Structure formats: C-alpha cells, structure tokens
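Subject: Structure for you to look at

Dear colleague,

I am handing over the structure we spoke about, and below it you will find my notes on what was found. Please read them with the coordinates open beside you.

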Amino acid sequence: MLYIITKLITEGQQKAFSIIGASEDKKRAAAIAADVYKDYNKNASFQNIEMITEWLATRQTYSFRKDKDHRLQLAITGLEGEVQPEDKQLVFSAAAEEEELMRRVSQALFEGKHAAERSNGTVHSCPIEK
C-alpha cells in the first residue's frame, strides 16, 4: 500500500493545500507528517512530536491550531488501487469546518437570547470599586 501525506494550512482567509510526499510504510509516512508539524510549531517538545507521530500512525489525521487564524491539518491517505472508494476520497473539508463554526455560533446566540428572555428585565452588574 502507498501512503500519501498531505497538508492544509489555513491563514486567515487563505488556504494552501500541498502534497508532502508518499511512503510505502505507514510509520514512515507518520514521521514525515510529524516533521511538517515540527517545522510549523517551533515550540513543540520532543514528547509532543512523538505523541503526534503515534497519533498520525494510528488515526492518519491531525489538526493543530496556533490561534483562530492559523491552522495546520495533516492527513495520511492509503492507496490500494487506482480508484479510491467514495468514502475515502475526501482528504479535507474546510467548508464543513466553517459550517460547524457557524452552527456553534448560532447555537450560542440562541442560548444567550433564550437566557435573556427568561430574565425578569432586571440588569445585574458588579459595582465598580474606586
């Protein structure tokens, strides 16, 4: 089996998708992907990189967010034949992640409005001490 290593870097509104490489060994593919993570996150410890290497070898995906505007997503995709089955063709779905974010924002707004409607109109505030 051949393992393809890919990355998706999101910086603000820009997204860059890259094919990093390929390997016939899953553990080697995980090590290659972990090296990409190490270059992206200069503050990563040795133990952190080892843990991520193991995670990539078993789960074959990893996502790291520096902050709300910077994110690295790594994936290892195994290829057995010429055409992948439909459920294995999708590598990344940035749209799905944005939809999930909007769903959570909408849910938080709804819950806040619902809580405000239940209050009796009094405003509670903390006194400011001088």
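The notes that follow go from the overall fold to the aromatic residues, then to the strands, and end with a loop and a surface patch.

Please keep in mind throughout that this is a predicted model. The protein chain contains three helices and four strands, and their order from the N terminus on is β-β-α-α-β-β-α. Of the 130 residues in the protein chain, 28% are buried.

The aromatic residues are where I would begin, and the structure holds three aromatic pairs. One of them is formed by Y37 and Y62, which meet edge-to-face with 5.7 Å centre to centre and 85° between the planes. This pair links distant parts of the chain, since Y37 belongs to helix α1 (residues 26-40) and Y62 to strand β3 (residues 61-67), 25 residues apart. Y37 has a relative accessible area of 1% and is therefore buried, and Y62, at 17% relative accessibility, also counts as buried because the cut-off is under 20%.

Y37 also takes part in an aromatic pair with F64, again edge-to-face, at 5.2 Å centre to centre and with 90° between the planes. Here too distant parts of the chain are linked, with Y37 in helix α1 and F64 in strand β3, 27 residues apart. Both Y37 and F64 are buried. Taken together with Y40, the residues Y37, Y62 and F64 make up one aromatic cluster. A charged side chain also comes into the picture at Y40, where K66 lies over the face of the ring, 4.4 Å from the ring centre.

From β3 the path leads on to β4, as the two strands form a hairpin with two residues between them. Six bridges join β3 to β4, and the two strands run antiparallel; within this pairing, T61 has A75 in β4 as its bridge partner. On another side of the pairing scheme, strand β1 (residues 2-11) is joined to β4 by ten bridges, and these strands likewise run antiparallel, with Y3 standing opposite G78 in β4. Why can strand β4 (residues 70-79) be called largely enclosed by the rest of the structure? Eight of its ten residues are buried, and so the description as largely enclosed applies to β4.

A detail of the backbone deserves a look when you inspect the model. Q60 is not a glycine, and yet its phi is positive, at about 65°. For context, most residues other than glycine have a negative phi. Q60 is located in the loop between α2 (46-59) and β3.

Finally, there is a nonpolar patch on the surface, formed by L101, V105 and L109, which together have about 290 Å² of accessible area. V105 has its place in helix α3 (residues 94-118). Is V105 buried, exposed or partly exposed, and which value decides this? Its relative accessibility is 37%, so V105 counts as partly exposed.

With kind regards

Methods: Residues numbered from 1 in each chain as written. Predicted model: local features only at pLDDT ≥ 70, side-chain atom pairs only at ≥ 80, totals over all residues. Heavy atoms only, no water. Phe/Tyr/Trp six-rings, centres within 6.5 Å; stacked < 30°, edge-to-face > 60°. Buried < 20%, exposed > 50% of the residue type's maximum accessible area, 1.4 Å probe, protein only. Lys NZ or Arg CZ within 6 Å of the ring centre and 35° of its normal. Pairing = 2+ DSSP bridges. Patch = residues over 30% accessible without salt bridge, like charges linked within 9 Å, V, L, I, M, F, W, Y side chains within 5 Å. Areas by Shrake-Rupley, 256 points an atom, 1.4 Å probe, with all protein chains shown as cover. Salt bridge = Lys/Arg side-chain N within 4 Å of Asp/Glu carboxyl O.
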